[in-house]
Amino acid sequence: MDEQRLVNLEIQATKIRKRLWEMIYQSKTGHTGGDLSSADILTTLYYEVMNINPENPKDPNRDRYVQSKGHAAEVYWTTLALRGFFDEEILDTYYQFQSPLIGHPTNKMPGVEMNTGSLGHGLSISVGMALAAKIDSLDYKVFTLLGDGELAEGSNWEAAMAASHYKLNNLIAIIDCNKLQITGNTSDVMNNSPLKEKWESFGWKVVEIDGHNYEQLIIELSQNESIDKPKMIIANTIKGKGISIAEGKAGWHHHVPNDEEYRLGLEELNAKLEVLVNE
C-alpha cells in the first residue's frame, strides 16, 4: 500500500485529535479517552473508505455511518467539520447555550444519520438501515462504531442475531476495543470475552485488528469477503491514544485537561504533526 497514503491519514487523524483536544479544553466537557482511541477509525472511514459527499449529504446512494458510542461526540463533530460537512468555526461553540453541537450526535447537523447516545441502540439502527438497502435494492454500506463497554447492553445481541438472520453483508460494525470504561477495566465491570467467539456464534464474519494501523483499517473496512454475513471488526485500541498523559487510563474517560495537561498534550500533537508533514 502507498506509504504516503498512510502518512496522509495519520496527519489527518493527528489534526482531528488536536482539534478535539482544543474543543474539550475550551468547553470544559468531553469524553476524551474514547475520542482519542477512535480517531484513527473515523479518519479512515471518512477520508478513505466511505462513499460520501459533504456537498450532498442526503445522497440516497451514500454509505451510512452511525456513532453508536454517541458519548464520543467530540471526535465525531471534529471529523465531520474537518471533512467539510459544516463550518469548522462551529466547533468553537460546542456545548454552549443554543449551539447546534451538543454532547451527543444529533441529526440536525449535516452528515449525522441518527441521534445516538443511549448505549446499545446504534447497532439496531444500523441493522434497520442495512435491511432497508436490501429491500430497496440499493448498494450502500452501513458502518457503525460501538464501544466495548457498550456491549453489556442486551439490545446489541438482539441486533447481532437479526443481522445474521437477514444475511446483511452490507453491514460492517467496528468495536473500539480500548478495554476501559468510566469505572475501570471492561473485564472487571462486565467481562465480555471471548469477543471473537461470541460474535462468530451469532453468525458474523469476525476479524481482529490493530485499531491504530491504517493499512489494516483500510483493508478490513473496505471489504466483506463473506457473501451472506455481516462483518464485525474488533479494533484493539488504546484509550487516550496520541496524548501520552491520557493513554491507557480509565480516569480520562470523561476528564477535561487542566491548563498544564492541555499544554503538554498540545505540544505533543504539534510535534507529531511537524514530523509527519516533513517526512
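Pro194 sits in the loop between helix 6 (186–190) and helix 7 (195–201), and a cis peptide bond with omega of about 0° joins Ser193 to Pro194. The model is predicted. It holds 12 salt bridges, a negative surface patch that includes Glu3, and a parallel pairing of strand 1 with strand 2.

**Backbone geometry in loops**

- Gln98 is not a glycine, yet its phi is positive, at about 70°.
- Gln98 belongs to the loop between helix 3 (73–83) and helix 4 (122–135). With a relative accessible area of 69%, Gln98 is exposed.
- Lys179 is another residue other than glycine with a positive phi, here near 65°.
- The loop that holds Lys179 runs between strand 3 (171–177) and strand 4 (180–181). Lys179 counts as partly exposed, at 40% relative accessibility.

**Strand pairing**

- Strand 1 (residues 64–67) is covered on both faces. Arg64 and Val66 are buried on one side, and Tyr65 and Gln67 are buried on the other.
- Strand 1 and strand 2 (residues 142–147) run parallel and are joined by 4 bridges.
- Thr144 in strand 2 is the bridge partner of Val66.

**Salt bridges within helices**

- In helix 1, the side chains of Glu22 and Arg19 form a salt bridge with an N to O distance of 3.7 Å. The two residues are 3 residues apart, about one turn of the helix.
- Accessibility differs between these partners: Glu22 is partly exposed, with a relative accessible area of 22%, whereas Arg19 is buried at 10%. Buried means under 20% relative accessible area, so Arg19 falls in that class at 10%.
- In helix 9 (residues 259–277), Glu260 and Arg263 are 3 residues apart, which separates them by about one helical turn. Their side chains meet in a salt bridge with an N to O distance of 2.4 Å.
- Glu260 is partly exposed, with a relative accessible area of 41%. Arg263 is also partly exposed, with a value of 35%.
- Salt bridges with shared partners join Arg19, Glu22, Glu88 and Asp92 into one network.

**A salt bridge between a strand and a helix**

- Which residue forms a salt bridge with Lys231? The partner is Glu220, and the closest N and O atoms are 2.7 Å apart.
- This pair links distant parts of the chain, with Lys231 in strand 7 (residues 231–236) and Glu220 in helix 8 (residues 214–222), 11 residues apart.
- Lys231 is buried, with a relative accessible area of 0%. Glu220 is buried as well, with a relative accessible area of 15%.
- As background, side chains of opposite charge can pair when their charged atoms come close.

**Surface charge**

- Asp2, Glu3, Glu215 and Glu279 form a negative surface patch.
- Within this patch, Glu3 is found in helix 1 (residues 3–27). Is Glu3 buried or exposed? Glu3 is exposed, with a relative accessible area of 54%.

Definitions and conventions: Residues numbered from 1 in each chain as written. Predicted model: local features only at pLDDT ≥ 70, side-chain atom pairs only at ≥ 80, totals over all residues. Heavy atoms only, no water. Buried < 20%, exposed > 50% of the residue type's maximum accessible area, 1.4 Å probe, protein only. Pairing = 2+ DSSP bridges. Patch = residues over 30% accessible without salt bridge, like charges linked within 9 Å, V, L, I, M, F, W, Y side chains within 5 Å. Areas by Shrake-Rupley, 256 points an atom, 1.4 Å probe, with all protein chains shown as cover. Salt bridge = Lys/Arg side-chain N within 4 Å of Asp/Glu carboxyl O. Lys, Arg positive; Asp, Glu negative; His and termini not counted. Charge placed at Lys NZ, Arg CZ, Asp CG, Glu CD.
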